[in-house]
Amino acid sequence: MLTATSSFYPLLSKPSSPHINLIPCPALGDLFSLKKRMVRCCHNLNDGMQNGHVVLCHEEKLRRRFLLFFSFSSGLLSTFPSYGKTKSKNPYDERRLLEQNKRIQKENNVPEDFPSFIREGFEVKVVAPENYIKRDSGLIYRDFEVGEGDCPKDGQQVTFHYVGYNESGRRIDSTYLQGSPAKIRMGTNALIPGFEEGIRDMRPGGKRRIIVPPELGPPVGPSTFFSSKQFEVFDVELLNVKDCQRRTIGFYSDVVCN
């Protein structure tokens, strides 16, 4: 019968010689000794025979097990912060951000059926009624009045009123408050891409709300009016469309729109 004087770790291999006692190795706490020790493991059974005893050294195996367990535990603990930083979509957070945006818009006295925005970092979701239309370019619009006549073409002059809003519903510009409508020639890059795309298929007398995404919006920088990438909302009223011709008198040249 094989007997072991230590029952802390199970027997890993069964010796072939009978009447052999096992001499245990030092305890696990001895592994933390500050003095370096040389550990000699007896792999040859004949070399380990001393007075009928076989010295089976488990210290090296215990040390390897401890280091393996410590490395595995450290690996698990190191993954916890990274797992915590991975933020999943939470419907409650979206509802909270939506209610917050609506509350701010109400304080800014936004017009009826104004779109809402759920902003979380650089990600923005537009919440608008079903009567809004979204194009492949990302532009969103809604017609309140269609108007009559022909749509403007490149080179023609358009006269229009507009009111500009940001995501919180704060008014950023208005030709109504300025007292005179805006006049611009189409196709001259005088308007931001989203605004020009939004009025290109309007007709005189039409009224439209245009939601311009950041990629179709104005440039951002210290030298511009806009300081961050945001959605812009414009309520536009197209007044008229005029043909334009270039006029040259001597060394003077200009464009006249009738």
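**View 1. The whole chain, with buried residues making up 28% of its 258 residues.** Here "buried" means under 20% relative accessible area, "exposed" means over 50%, and "partly exposed" is in between (1.4 Å probe, protein chains only). This is a predicted model, where local features need pLDDT of at least 70, side-chain atom pairs count only at pLDDT 80 or more, and totals for chains, interfaces and linings use all residues. Residues are numbered from 1 along each chain as its sequence is written, and side-chain values use heavy atoms, with hydrogens and water left out. You'll find 4 helices and 15 strands in the protein chain; these are DSSP runs numbered from the N terminus (helices: H or I, at least four residues; strands: E, at least two).

**View 2. A look at the predictor's confidence, or pLDDT, given for each residue from 0 to 100.** The protein chain averages 75, and 61% of the residues score at least 70. Over residues 1–58 the pLDDT is below 50, yet this stretch has 58 contacts (heavy atoms within 4.5 Å) in the model beyond near neighbours in sequence. Residues 69–86 stay under 50 too, with 0 contacts beyond four places in sequence. Where pLDDT is low, don't read the predicted coordinates in detail.

**View 3. Strand 12 (residues 207–212) and its partners.** Of its 6 residues, 5 are buried, so think of this strand as mostly covered. Strand 8 (residues 140–145) pairs with strand 12 in the antiparallel sense over 5 bridges; pairing takes at least two bridges found by DSSP. Look for isoleucine 140 opposite isoleucine 211. Strand 13 (residues 232–242) also runs antiparallel to strand 12, joined by 6 bridges, and there valine 236 is the bridge partner of arginine 208.

**View 4. Arginine 209 meets aspartate 235 in a salt bridge.** That term means a side-chain nitrogen of Lys or Arg within 4 Å of a carboxyl oxygen of Asp or Glu. The closest N and O atoms of this pair are 2.7 Å apart. Arginine 209 lies in strand 12 and aspartate 235 in strand 13, so the pair ties together parts 26 residues apart in sequence. Both residues are buried.

**View 5. Arginine 135 with two acidic partners, glutamate 197 and aspartate 201.** The closest N and O atoms are 3.6 Å apart for glutamate 197 and 2.5 Å apart for aspartate 201. Arginine 135 is partly exposed, with a relative accessible area of 21%. Salt bridges that share partners join Arg135, Asp143, Glu197, Asp201 and Arg208 into one network.
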